[in-house]
Each structure stands twice: as structure tokens, then as C-alpha cells.
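Me: I'm new to this one and would like to go through it slowly. Could you walk me through the charged and aromatic side chains?

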Amino acid sequence: MSSRSCIRIVQFVTFIVPFTVWMGCSGGTSGTGGSGGGGGVAGNGGVAGGGGVAGSGGVAGSGGVAGTGGVAGNGGAGGVEYKLVFEDEFNTGTSPSPANWTIETGYGPDGYGWGNNEWQLYTDLPENVRVEDGNLVLSAQCPEAPCGVRDGSITSGKINSLGKFDFKFGKIEARIKPPVGEAAWPAFWSLGVNFPSVGWPLSGEIDFMEMHNFYSDERTTHFTMHWCDDSIQAPAPCTHPEGWVYDSQYLTFDDSLGDDFHLFQAEWDENKIVGSIDGLVYFTKAIDPATMEEFLREFYLILNVAMGGTLGSGDQPPNGTETYPQTMLVDYVRVYQRVDDPN
């Protein structure tokens, strides 16, 4: 990544006037101004991160010893002291540890591409999901053209920790090298553990890292929160554009984020959520307990590589110029909680 990185932070919230703020360029000149974004489009365009729908799971576990690379540590913002409560370094075995993860398969409960019209079939095959050379490998594949929409030609990988590890508050981080090809939609995100019973967005969603190239580009990462504001009813509870609320901000660099590993991080407590990449904070959202109670409950982790769909391709089918494989490498996932947190 070049030494001159322009940082652009944009916030969209459905119940206020959108705005754009230009921060300074690191090593360059600063800028001001910018235009507002359109309401009703999450994170520069589209629907919930990585899918908005997840699968099932079943118990907690560790994933090995703390590894190298990236910035982890027990320190946090404002001198907060953390203790490690979950880690997976992906250093053992050939597939994700079943003590930590469930491999999701299929096209989603409704058969409609996980609620986002995604193209891929999630499988548990090693070409799509494996552990190799100290990394989790999630790879979207289409070995033979034509590559179509939910016809079995495109496969990929997705894992979640539902029923195996959940958390409320703390510091969440993963060191990831994302795929950045056309129509690729990689994500590191989370849903409330009550998702199977209450659905989305009542469960709440936090997207720690989400990238897509139709409405965005390979130099940009997005951090997004989705929830339901029960105080806003139109035309029915938790429906767009009022009751379903989201806050999405992004950060753009000069160079592709797919060229190397990056540390995607969030710090979450009862008052706010702060998101960063490689130590650069670009997302901050205060939690209103009266309207954002979703974020005062437990969540579980999800990692996946989607193809196409609402954000990956603007709901368009493959055009034949996409390239495969599109592979996400995950060096580690770690979750810390405050030393003084009774949870």
C-alpha cells in the first residue's frame, strides 16, 4: 500500500440526511466537500453484507495458539485492557475446526441466493473450504464456462460460529487477504444469535469487512450495521426505507486491498461500535439503547465469499468476463473481551 492513502469516509443513515466527509490524505493534501449518498442503499449500494441470512451450528472451542502477523494485543482504545476469549489461527488440520465453525451449504433457506440473489452454491468441498499453509481458504470456483446463476456451475465457501462461539462486546479482529475480482463479494461479519428465531434485520448485523466491485471497487472496504428501529413504522415494522435502518461507512486507499493481508477490527461496547482497517479508524456509531437493542445482545461470526447478487453484480447475471477462482485467505480470527467485563 502506498504511503499516500486518501481516506474517504461516508455515512448513510436512513432516518437522517446523508452526508459525506473528506478526511485528509495521509502524506498528501486534504480535501473538503463531497455529495450525499442516497438513502435506502446499504454501504454504497445494495442489501445486507454477505447475505443477511446464515445457517445453523452447534459448540465453542479454541483454534490453536496465537499466531504471527497483524496487530493483535490486549490493548484497546482509551487504555481499555482486553483478554483473549476466542482464537482460530488455522494452523492445524485441513478443514475448519468443527469445534469452532459450521460449514454452510446450499443456496440459502429460500433458494434465492441467501436473500441477495447470489450466484454461488456453498459446499463443504475442499476446493471451496479448507485450511492450508496456516490460512483458512474460502474460494469461489467455476471450473467450466458458462458460469450461471444458482445452476451449480459456481461454488464457494462459507462458515459460521453459531452455537459454537458467541460474544457480546469486545474487540473483534481478523487478518484477511480478500478477493477483488469482478462480481466477488467477500465478507467478515456477524449476526445476532437469535437470527434463526427472529430473522433479519431484527437480529441485527455487523459487517466488519465487506468488499464488492459493482457499486464500489477493489481499493475500498465497507463497515456496516443493520438493525430494526421499532419506533419507525412504514409501511410495516422493519421494512425499508424507514423501519430497517443501517449505517454504512467506507474507506478507500490508493492501491488494491487484494494485494496483501489487512487487519480488519472492531471495538464494541454498550455505548458504541468503532471499526478500523490496519489501525485506521473509519467507522463510529453510538448505540441508542432505546432503538438499537439488537447491539446489546450476543452475536456470532461469519466468513464467506459470495459472487454476484445485489452488491456483487447489481443483481445482473454473469457476463462472462468474471475470473475464477476468487479466493479469500484468513490468517486468523480473534475475539477479546474487556478484563473488567462480567460477561
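Me: To start somewhere, is Asp-247 buried or exposed?

Reply: Asp-247 counts as buried, because its relative accessibility is 0%; buried means under 20% relative accessible area, exposed over 50%, and partly exposed in between, with a 1.4 Å probe and protein chains only. Please keep in mind that this is a predicted model, in which local features need pLDDT of at least 70 and side-chain atom pairs count only at pLDDT 80 or more, while totals for chains, interfaces and linings use all residues. Residues are numbered from 1 along each chain as its sequence is written, and side-chain values use heavy atoms, with hydrogens and water left out.

Me: Okay, and which residue forms a salt bridge with Asp-247?

Reply: That is Lys-285, with the closest N and O atoms 3.7 Å apart; a salt bridge here is a side-chain nitrogen of Lys or Arg within 4 Å of a carboxyl oxygen of Asp or Glu. Lys-285 lies in strand S17 (residues 280-286) and Asp-247 in strand S14 (residues 244-252), so the pair ties together parts that are 38 residues apart in sequence. Strands are DSSP runs of E with at least two residues, numbered from the N terminus. Lys-285 is buried as well, its relative accessible area being 12%.

Me: How many salt bridges are there in the whole structure?

Reply: A search of the whole structure finds nine. Among them is the one between Glu-89 and Arg-334, whose closest N and O atoms are 3.1 Å apart. This pair links distant parts of the chain, since Glu-89 is in the loop between strand S3 (82-88) and strand S4 (102-103) and Arg-334 is in strand S19 (residues 326-338), 245 residues apart.

Me: Which other side chain meets Arg-334 in a salt bridge?

Reply: Glu-173 does, at 3.9 Å from N to O. Glu-173 is in strand S10 and Arg-334 in strand S19, 161 residues apart, and the pair links these distant parts of the chain. Glu-173 is buried, with a relative accessible area of 0%, Glu-89 is buried at 1%, and Arg-334 is buried at 3%.

Me: Switching to rings, how many aromatic pairs does the structure hold?

Reply: It holds 17 aromatic pairs, where rings of Phe, Tyr and Trp (its six-membered ring) pair if their centres lie within 6.5 Å, and planes under 30 degrees apart count as stacked, over 60 as edge-to-face and the rest as tilted. One of them joins Phe-169 and Trp-268, and it is edge-to-face because the planes stand at 85°, with the ring centres 5.4 Å apart. Phe-169 lies in the loop between strand S9 (158-160) and strand S10 (170-177) and Trp-268 in strand S15 (residues 262-268), so the pair ties together parts that are 99 residues apart in sequence. Phe-169 counts as buried at 9% relative accessibility, and Trp-268 counts as buried at 4%.

Me: And what about Trp-244 and Tyr-246, what kind of aromatic pair do they form?

Reply: Trp-244 and Tyr-246 form a tilted pair, 5.4 Å centre to centre and 55° between the planes. Trp-244 counts as buried at 9% relative accessibility, while Tyr-246 is buried with a relative accessible area of 1%.

Me: Which residues do ring pairs link into a cluster?

Reply: The cluster consists of Phe-86, Phe-90, Trp-101, Phe-165, Phe-167, Phe-169, Trp-227, Trp-268, Phe-295 and Phe-299.

Technical notes: Helices (H or I, at least four residues) and strands (E, at least two) are DSSP runs, numbered from the N terminus.
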